[in-house]
Amino acid sequence: MAIHNDLGKEGEQLAIQLLLSKGYIILEKNYRYLKAEIDIIAQIEDTVVVVEVKTRSTPDFGNPQDFVKPKQIQQLVKAIDQYITTNDFDVEIRFDIIAIVKNKRGVQIEHLEDAFYYF
């Protein structure tokens, strides 16, 4: 597996730990629908949260959250719509980003709630 894939998986584990520590329930990891993959689907109270995890080894080329593009947002919306419909949920939906920079200097994690809107 490529080093960037390892970093991404490590970032997802850090994100899950962060969410659990905040009282979230993890519903799914790496949920796939068509061409989309939702890194984490979590729930807090009556809100289902779509979490996109972006992990980088350096912020030199931009913040991790800057790499969530409109096409990806569109795919995430389709995927969560499928998930909600399939599971017959009646909940609010929120889109968050967990941005992680992990390198030899340490780990920086930022949880951006309501990171983007889908309408």
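1. Contact here means heavy atoms within 4.5 Å. With that in mind, consider H111 in this predicted model. Leaving aside its neighbours within four places in sequence, H111 is in contact with L18, L19, K22, Y24, R94, D96, I97 and I98.

2. H111 lies in strand β5. Is H111 buried or exposed? The relative accessible area of H111 is 15%, and buried means under 20%, so H111 is buried.

3. Two residues from the contact list of H111 also meet it through polar contacts. The side chain of H111 makes one with the side chain of K22, at 2.9 Å. Another, of 2.8 Å, joins the side chains of H111 and D96.

4. Strand β5 belongs to an open sheet of 5 strands, in the order β1-β2-β3-β4-β5 and with mixed pairing. Which strands are at the edges? They are β1 (25-33) and β5 (106-112), and each of these pairs on one side only. On average, neighbouring strands of the sheet are turned by 25 degrees against each other, direction ignored.

5. As background, strands of a sheet pair through backbone hydrogen bonds, either parallel or antiparallel. In this model, β1 and strand β2 (residues 36-44) pair in the antiparallel sense, over 7 bridges. To take a single position, the bridge partner of E28 in β2 is I41.

6. Helix α2 (residues 70-86) lies across β1, β2, β3 (47-56) and β4 (92-103). The helix runs at about 55 degrees to β2.

7. How many aromatic pairs does the structure hold? There are 2. Y31 and Y83 form an edge-to-face pair, with 5.0 Å centre to centre and 75 degrees between the planes. Y31 lies in strand β1 and Y83 in helix α2, so this pair ties together parts that are 52 residues apart in sequence. Both Y31 and Y83 are buried.

8. Why is the pair of Y83 and F89 called tilted? Planes under 30 degrees apart count as stacked and those over 60 as edge-to-face, with the rest tilted. The planes of Y83 and F89 are at 40 degrees, so the pair is tilted; the ring centres are 5.9 Å apart.

9. Ring pairs thus link Y31, Y83 and F89 into a cluster. Within this cluster, Y83 has 4% relative accessibility and therefore counts as buried. F89 has 28% relative accessibility, so F89 counts as partly exposed.

Technical notes
Residues numbered from 1 in each chain as written. Predicted model: local features only at pLDDT ≥ 70, side-chain atom pairs only at ≥ 80, totals over all residues. Heavy atoms only, no water. Pairing = 2+ DSSP bridges. Helix = DSSP H or I, 4+ residues; strand = E, 2+ residues; numbered from the N terminus. Axes fitted to C-alpha atoms, helices over the stretch in contact; angles between N-to-C directions. Phe/Tyr/Trp six-rings, centres within 6.5 Å; stacked < 30°, edge-to-face > 60°. Buried < 20%, exposed > 50% of the residue type's maximum accessible area, 1.4 Å probe, protein only. Polar contact = N/O pair within 3.5 Å; in protein donor to acceptor, adjacent residues only side chain to side chain.
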